[in-house]
Amino acid sequence: MAMPMVGRAPAVEELRRAWARVHAGGKPITAVVTGTAGTGKSALVGAVLRDTGDATVLAGAARVHSPAPYDWLAAVLAGRDTTGFDVPPDALAWLKQDPDVPRERYTPDALLRIAVATVRALVGGAPAVLVVEDLHALDPASLNLVAELAATDLPALLLVTSQPATAAVSPQLAERTLARLGGRPGAVRRHLSGLLPAEVGEILRQVYGSAAASPDVAEAVWRRTDGNPYRLSELLAVEGEAILEQPRPDLTAREREVLGLLAEGMANKQIATALGISVRTVTVHVSNLLRKTGASSRTEAALWALSGRRSGDHQAGWRDNRRAARSQSSA
Ligand SMILES: Nc1ncnc2c1ncn2[C@@H]1O[C@H](COP(=O)(O)OP(=O)(O)OP(=O)(O)O)[C@@H](O)[C@H]1O
Ligand SMILES: [Mg+2]
């Protein structure tokens, strides 16, 4: 579900200013964007990259399922012409994770130097952007390389995204690397939290039209998604415009039937008879209903059910169930 970008203008601005400084002065700047899964780190990077003109962008990420040494660099090098680079071809092939290169013949230090030299060669002399996505998922060699790159004099904006280090394969190493990166002089650090209720409302308005979302709906959708943009996009994809109706908790078919009858003003005993179940079972359904709808009494739950009546399909479904229940009980 494509959503308009909201709520990140200050972060975009700050990163664009950092790029402008790199571009103007040729001095390196490190930027670290953290946030849990789906908070919009990649979207933010995308917004910044829309503004970097024809600068060289070297972007890579870990292959989450099987991180291999120098994954970031291998991703950057994939499909790139590296002929004429002043680095040993066998080492380069190894860094590209070429399957035909049997094993490393270089010490870890030598490989690190060669990796840095390779990035230098790729950058050339002009201001560039190095994008390291999902640092938390990277292999130790890549983490080392990224920290090393941050400490070079490359005319580059080193733009790193990461989930919190606790999500990393090796949390301590990720933590240490993030601390090192964020501690670079002039570093930009941004932690992305979920969107605010008003920002969720803004997205709903932009997607479904200006009158679409009331603050109540925005608040409810915000609560269901924690303001997480990824979860919001999933919810919009699954529920579409139905999301603008009063939020419905997940009730079982039976609970909906019970709620429908409760809204008719029936007592538990009548509901039991209507549905052909025991009073005790009805009591359990009612208490689950109260919990799920957040209603403090059966009257409130009944009102809640009635207030949703206008809004379409599942309510029609409830009415049908109710009719079925009645005709059963009268049969
Ligand atoms: N500020 C925003 N406004 C509207 N939509 C957004 C915003 N941020 C992200 N999105 C959308 O939410 C989804 C998830 O965002 P994104 O992929 O950038 O998250 P992420 O932090 O990179 O997640 P991951 O940690 O899984 O890589 C995308 O569809 C993206 O377009
Ligand atoms: Mg991402």
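This passage describes the sheet, the helices that pack on it and the largest pocket of a predicted model.

The sheet is a good place to start. It is open and built from five strands, which follow one another in the order E2-E3-E4-E1-E5 with parallel pairing. Strand E2 (56-61) and strand E5 (188-191) form the edges, each pairing on one side only. From one strand to the next, the twist averages 10°. Within this arrangement, strand E3 (residues 128-133) and strand E4 (residues 156-162) run parallel and are joined by five bridges. Along this pair, Val132 is found opposite Val160 in E4.

Two helices can now be added to the picture. Helix H2 (residues 41-49) packs on the sheet, where it touches strand E1 (29-34) as well as E2, E3 and E4. The direction of helix H2 makes about 160° with that of E4. Helix H7 (residues 171-182), for its part, lies across E1, E4 and E5, and runs at about 135° to E1.

Readers with an eye for binding-site geometry may wish to turn next to the pocket analysis. The largest pocket holds about 300 Å³ of space. Its lining comprises 16 residues, of which Met3, Met5, Gly40, Ala43 and Pro229 are the closest to the centre. By class, the lining of this pocket divides into 11 nonpolar residues, four polar ones and one charged. Helix H10 (residues 229-239) gives the most to this lining, contributing three residues.

Methods: Residues numbered from 1 in each chain as written. Chains lettered and ligands numbered in written order. Predicted model: local features only at pLDDT ≥ 70, side-chain atom pairs only at ≥ 80, totals over all residues. Heavy atoms only, no water. 1 Å grid on protein atoms, 1.4 Å probe; cavity = no way out; pocket = protein on both sides within 12 Å on 5 of 7 lines; lining within 4 Å. Points joined across faces, edges and corners; volume = space filled by probe spheres on them. Helix = DSSP H or I, 4+ residues; strand = E, 2+ residues; numbered from the N terminus. Nonpolar A, V, L, I, M, F, W, Y, C, P; charged D, E, K, R; others polar. Pairing = 2+ DSSP bridges. Axes fitted to C-alpha atoms, helices over the stretch in contact; angles between N-to-C directions. Contact = heavy atoms within 4.5 Å.
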